[in-house]
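Got your viewer open and a selection box ready? Let's take a walk through this one, stop by stop.

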Amino acid sequence: MARNKDAMVLLIDVSPSMHKALPEIEKVCSMLAEKKLIYSKYDEVAVVLFGTEEAENELTREVGGYEHVVVLQNIKVVDGQLVETLQQLPRGTRDGDFLDAIIVGMDMLIKKYGETYKGKKRLCLLTNAQFPIKYPLEGTKEDQVSTIAEHMNTHGMRMESIVVRGSLTGEANKSVMDENDNLLGIFSKKTCAKLVHVESPTSLLGALRTRKISPVTIFRGDLELSPKMKIKVWVYKKTSEEKFPTLKKYSDKAPPTDKFATHEVKVDFEYKSVEDPSKVVPPDQRIKGYRYGPQVIPISSAEWDAVKFKPEKSVKLLGFSDAKNIMRHYYMKDVNVFIPEPGNTRAILAVSALARAMQDMNKVAILRCVWRQGQANVVVGVLTPNVSDNDNIPDSFYFNVLPFAEDVREFQFPSFNNFPASWQPTEQQQEAADDFVRMFDLAPSGKEEALPPGLTPNPVLERFYRHLELKSRHPDAAVPPLDETLRMITEPDKELLSQNRSVLDVFRSRFEVKENPKLKKSSRRFLQDKPSGSNEGHANISDEPNSSEYASAVKVEKVGDATPVQDFEAMINRRDSPQWVGKAIKDMKNKIHDLVEDSYEGDNYPKALECLIALRKGCILEQEPKQFNDFLRTLCIFCQEKALSSFCEFLASKELSLISKTEAVDSEVTDDEARNFLCQIRAKDGMSA
Amino acid sequence: MEIDPDDLFRDDEDDPDNELFQGDRKDDTHFHVAVSCIAQSLKTQIINNSYDEVAICFFNTREKRNLQDLNGVYVFNVADREYLDRPTARLIKEIDNIEESFMSKIGSQYGIVSGSRENSLYNVLWVAQALLRKGSAKTADKRVLLFTNEDDPFGSIKGVIKTDMMRTTLQRTRDAQDLGISIELLPLSRPDSDFNVSTFYSDLLGLKGDDLALFMPAAGEKSTAYNIGTGETSCFLTDSTLLKYFNLLISHIFRSMLLIKTERSFICADTGALVQGSAKRFQPYKTENIKFSVEELLEIKRFSTGHLRLLGFKPLNCLKEFHNLRPSTFVFPTDEELIGSTCIFIALHRSMLRLKRFAVAFYGSSSRPQLVALVAQDEIISAGGQVEPPGMHMIYLPYSEDIRNTEELHTGSNVAPPHANDDQTRKAAALIKRFDLKDFSVFQFANPALQRHYAVLQALALEEDEIPEIKDETVPDEEGMSRPAFVSALEEFKQSVYGDNYEEENDAVGNGKASETSKKRKAVSENAVKESGNYDWVDLADNGKLKDLTVTQLKYYLTANNLPLAGKKEALISRILTHMGK
């Protein structure tokens, strides 16, 4: 199938200024080769490097010149060796001339295939275009580029240029870069060439189409404005999910000696009666049924065909509407694109006029579509204008499927205004949120938009193909961890975080989140135990920025000697089991008791007091006033008995008393009683003295 | 929904007053409105939530039928069904036709009259509550829907008896509400006076102040549009997913009407042995099969434990029309697990709305981890109802692999494609103005395929003779399109982009393009007709000699007569015979 066999020449700039970007280029190019090995094994690939010290290409042998261009790999069918070659590209030492490389690449394609070859011929240029190309012998650089571009056209080649800029390359001469951009721009104007600028490693990974998908129209025919006016259009898919490859089930039943074993697993379906599972029902005794309430209505497919809904193939306009009537979240599926019939200037004009008018007036069109004859349903969708900013590309429309009345789930949710005041952000909080939203900008002006969908690769697929390649060499290889570049897709940008540290800290300090104490049994921990620094991971469904203060790094299990207060606080705050509160209080009581008992001339009193204050606070928070009050009473009695009444005095002087009703509702002690308790102690002291 | 039905319950009042039966409007009596509303919602319910259970009682009736043997209450039911049970085809059929037999079988008689101590409203609430005892309050959502056109049920009595009756009725309501039963009122206004909720029912429903103002007494009038019976209302992540009608396809059934279950078994392709739960998968790569364990595959897809991780914010215009893959998901805050969440959510929500930005987040679901856009949605309220709840819409963004550059596909010719000039754009704008769908809403079209499917199903289930015609609401408005203003705008636009001789040239283009294939086809069929003329088909058929001909020869006849050419020789012969009428 020569028509489906593509040829591709990768032109890679390996000059010193590109070295920073080369690891990503190695990844994306080897990914391309890996996917070709699976999906189009007969494609042919060549690799040309430029910016190298030496020169190794046919042109330099034949006519001279073309220095610093090396053909690393001649055109040949993809194989495992190519993947390995691409994973370890040699680094160059010279500045590269991309035009030389393009000519070498074209020359290779022409020599190999001639003009009759039916398959697609592609050149793929990866460079930073930072260095000027040589002046031609005659004419200007522009003329030379134009000539080459025309040549490319006559040979039916396509070119894709990915220009690496920004943080990935060093400083460079701006005027040279502009000149080069201009030159590369000529290619995209004159030929079917694409030019992409990338600034981050992530978008470099996403910039190259690693898998070829031959586009198929889902509809060709008339877009009916009315029965009197029709526009010829072709409809393609604009987005379509590239699925994770479906792996086959593996059977190890075949003997290891069997060289031809497929190891495949077949699936066999058997239809059995519910009442008599031993009996298999043959196909002619089966009929489909639909549920209608508790009943099942049998209906044969022939009957069904006779009565079912059969719309005619057509795409009809229902009318125009204000864009604001169609809310973005109603879009149901992947997106289609309506392009005017290629070569039909009238259709192109008509689409262009409508698209421009719709854009100016902020309108959208509502369509009713039946793509194919015999399709059993209709699709209602919205057409939005896509006015092209490239002169080479005609204007088109995007088409999104809209839901039918049955598809919309109308759930009522409470209005935010009806929430209690404690849930409403204060002015300060709102200000912090505003700053947060403003500063965490992924599309700052003057810089490349971070993570644009068009340049962001799917990390799952990246990881799968890398693992596949690893496994082909070492069958037991583990799943590779996410590298820095892919991490940029799944986690917040560290640089952006550190730049906005202060905004973030303010945001965090103004809002308080804590786990609901009523939900003690929750098996999930919402505030994650994570080392601080990466705590912007908005932890859960409702976007909590998680505060590390709540994360207890080490789980405290007893109140120790060194830091009894801290241990106690950590323990009483543990939420993994309700028993911790009780245990913490008990441990603390023992601790205080020991401290008082072991004190020599009151040396432990301050520490004991600290512990008592902590215990008091904990008991108020946990609504356990009785525990504390009983303990304090016993402690005082104990002190008096053991002639340690100086401690009671010490307490009284520090005004530590029972927990009163005003502090904790459950307490049985009134305010007066609490105050009197102190007096009592003093009085008793007096008595014993 | 399998095990916890929401118990729907519906009370229907029928009044003795003639006005309810005769009504003010031409054909619709209030009773008719109520009954058709019930029938309509039963039909929706049996399809959407067929596990929901329902009972229908009439009150203020002459006859009585209920377990408590109370006067003036009639629980409507059909065979093979408990009072409160899943709706059946038969129930729908009978409720649809109840109007004819209602007076003779059930009869209507206003129960609350002075002199008797009967309180039919009290009775019916009691019956309802008893019926709804089934099922726990936690798993089921219990509702009583009350249809009535009497805003003052105790109007005819006076004094102590009245206050006493009102008190006991309200108490009964409160008891029911304590048991987790919500009571909703669908009032039907009389022609001369609007239904005054505050006379009695506001107390019954517990409406106060502002709520009362919002309560629209017209609820019952648009009965057919009123859809009763959506299930959960308190979920936090909800999809607006396509309702696929094939989910109703349960399984194959026997001719003798027995359900069939499907059994799946895995067989090794090499040995034919049965494979039990194979844990390995493989992918052919290079020259060998690379094996993966299920755990490894899961590991590849695993990125983070957090569900949704915020990465930053972008201006709304970065979200392009084609950044879409799937129906969106709605995000609403909850304080159930983390106190303070709602506050942060609201603050971010407001900031995003004000600064016109959306959030980009990584959604680490196990099936497809992907980037999502969180677009803040402000609450939209119109005519007393919530059109859009406040919250965020999670829009699933495509990756670069998922986006295709189809626009650029056909570039490459040296001639740049034309773009419309200002005049043409102006003409197009004029056309757009003429053809504006005002107040278009995505809710306005019912899916014709789905409607047809259910209509057929319903007709079969209810043994109706005719399948009702379903109006396809999605066809263009032909009438509107023939308006002169529109036609002239269209003509002008057509003139400006297509030029004068469009029709003729269009035909010419059509012929030119069709030439290749159609010429060929034409030649073939002409040839076939000629060849076919060489045979005496009737004679061949009569003598059974058709089978002596070759397939090619047989096909001459089929082509000449525009018959399908597919199938084996026997099929061709039988097709020829059928065509000849033999």
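Here is a tour that goes from a whole chain to a barrel, then to one strand, and finally across to the other chain. Keep in mind that you're looking at a predicted model.

**Stop 1: chain A.** Select chain A and switch to cartoon. There are 20 helices and 18 strands to scroll through. Of the 689 residues in this chain, 42% are buried. Now turn on contacts: of those with a separation of 6 or more in chain A, 68% link residues 24 or more positions apart.

**Stop 2: the barrel.** Next, pick out strands S7, S8, S14, S17, S16, S15 and S13 of chain A; in that order they make a closed barrel of 7 strands, and the pairing is mixed. On average, neighbouring strands of this sheet are turned by 35 degrees against each other, ignoring direction.

**Stop 3: S13 and S15.** Zoom in on residues 314-322 (S13) and 363-370 (S15) of chain A, an antiparallel pair with 8 bridges. To get your bearings, label A:Ser321 and its bridge partner in S15(A), A:Val364.

**Stop 4: S16.** Move along to residues 379-386 of chain A, strand S16. Why is S16 of chain A described as largely enclosed by the rest of the structure? Because 8 of its 8 residues are buried. Show the side chains here. In a regular strand, they alternate between the two faces of the sheet. In S16(A), A:Val379, A:Gly381, A:Leu383 and A:Pro385 point one way, while A:Val380, A:Val382, A:Thr384 and A:Asn386 point the other, and all are buried.

Now look at what S16(A) pairs with. S15(A) runs antiparallel to S16(A), joined by 5 bridges; A:Ala365 has A:Leu383 as its bridge partner there. S17 (residues 396-401) of chain A is also antiparallel to S16(A), with 6 bridges, and A:Val382 is matched with A:Asn400. If you toggle hydrogen bonds, remember that strands of a sheet pair through those of the backbone.

**Stop 5: where the chains meet.** Bring chain B back into view and select the contact: 180 residues come from chain A and 159 from chain B. On the chain B side, helix H10 (residues 341-355) supplies the largest share, 12 residues. Colour the side of chain B that touches chain A by class and you'll find 89 nonpolar, 39 polar and 31 charged residues.

**Last stop: strands across the chains.** Finish with residues 265-273 of chain A (S10) and 260-268 of chain B (S8), which run antiparallel and are joined by 9 bridges. Click A:Lys266, and opposite it in S8(B) stands B:Ile267.

Conventions
Residues numbered from 1 in each chain as written. Chains lettered and ligands numbered in written order. Predicted model: local features only at pLDDT ≥ 70, side-chain atom pairs only at ≥ 80, totals over all residues. Pairing = 2+ DSSP bridges. Helix = DSSP H or I, 4+ residues; strand = E, 2+ residues; numbered from the N terminus. Axes fitted to C-alpha atoms, helices over the stretch in contact; angles between N-to-C directions. Contact = placed C-beta atoms within 7 Å. Nonpolar A, V, L, I, M, F, W, Y, C, P; charged D, E, K, R; others polar. Buried ≥ 20, exposed ≤ 12 C-beta atoms within 10 Å, placed from the backbone.
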